[in-house]
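I opened the model to look up the ligand site. My notes follow.

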Amino acid sequence: MLRIGFLTSGGDCQALNAAMRGVFKCVVNNAKEPVEFYGFEDGYKGLIYSKFHMLTGQDFKGILTRGGTILGTSRVPFKTIREPDENGLDKVKAMKQTYYKLQLDCLVMGGGNGSTKTANLLSEEGLNVITLPKTIDNDLWGTDMTFGFQSAVDIATKCIDDIHTTASSHGRVFIVEIMGHKVGWLPLNAGIAGGADIILIPEIPYDIKKVVEAIEERDKHGSRFTIIVVAEGAISKEDAKLSKKEYKKKLANYKYPSVSYEIADAITKETGREVRVTVPGHTQRGGAPDPYDRVFATRIGAEAGKMILKGEFGYMVAYKNREIVKTPLSEVAGKLKTVDPKASIIKEAKMIGISFGD
Ligand code: F6P
């Protein structure tokens, strides 16, 4: 008997279900022995507090196209994982107990950065763990791509497309704030795909004067409107120079809902132009996975299934140079994949006239 546990952790995204379905189908079609599947509810909490249910073929039916996660998810920050809970429970010990109580042969975890750190810790503690690279942010080290990312690019791009018509009618400056946490993959790709004029990402701190110059340059050439894509983690050159402590202090007294509103305010002060801010927010993580993510997550799931059957554990299934590969969890944990400001995609974007405010 083979026993496999599933959990999904951190912010949800499209294609989590597609990936788990891929694992399930691969294992069921190729295992030489009976298999039991367990689903832990709401991320690591399910493993800590032994909240799970058995999964049957029925659970995996019709979920290729279903967004979110059939298991539920939650954020259990890695920095708190070694701390006892409010009742003094040792979380790591509890997770190991659940795993051994169910006699699991493997735990499959779909998650992003923090969740992968916890998976690595469990692997170091002796559990058989395989992770599936999930996040709309695409910031996981050790893989060129995460699932959820392309679907989020589609949604963010559609938002920028839609803003174009109203921005041009009114001759307004529009800011579209795009998710991505502390990295710029999503705003960069959606910004280029949506034909943004200015893209501000965390990896390239902006100078508000340069942003204003880019708007004025467009005005000079008769453009009635400007679309600025601002990463939720965008940062000005001055703020980038602050120490962590100083930056935290600034945020403590921050009067804006997010950086986009601060930028909008500064542009209005400098130019007198009407600026509107649009925040698609969590819609970027919502809805069905796009066809790319369905294929990608299915391939990731199938590879994870293959690894389970071969007894290869302690890896994240990854995508490198257009191949599905495996990357040791120890190499992935704790590292962030950021956009290189010198990358060719940035150079190409600049060559077609996109400003990065630098
Ligand atoms: O990591 C995915 C992500 O959507 C980020 O882009 C964003 O910063 C964050 O999660 C939002 O988190 P929450 O859903 O907890 O508000």
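**Ligand shell**

I sorted the shell around the ligand by class and got two nonpolar, three polar and four charged residues. Ala, Val, Leu, Ile, Met, Phe, Trp, Tyr, Cys and Pro count as nonpolar, Asp, Glu, Lys and Arg as charged, and the others, Gly among them, as polar. The model is predicted: local features need pLDDT of at least 70, side-chain atom pairs need 80 or more, and totals for chains, interfaces and linings use all residues. Numbering runs from 1 along each chain as its sequence is written, and side-chain values use heavy atoms, without hydrogens or water.

I listed the residues around the ligand (a heavy atom within 4 Å). They are Arg75, Ile136, Asp137, Met179, Gly180, His181, Glu232, His282 and Arg285.

**Polar contacts**

I then checked ligand oxygens for polar contacts (N or O pairs within 3.5 Å). One lies 2.7 Å from a side-chain N or O atom of Asp137. For the side chain of Arg75, the distance is 2.9 Å. A polar backbone atom of His181 is 3.5 Å from a ligand oxygen.

**Salt bridge**

I looked up Arg285 again. Arg285 forms a salt bridge with Asp12, with the closest N and O atoms 3.0 Å apart. The cut-off is a Lys or Arg side-chain nitrogen within 4 Å of an Asp or Glu carboxyl oxygen. I counted 17 salt bridges in the structure.

Technical notes. Polar contact = N/O pair within 3.5 Å; in protein donor to acceptor, adjacent residues only side chain to side chain.
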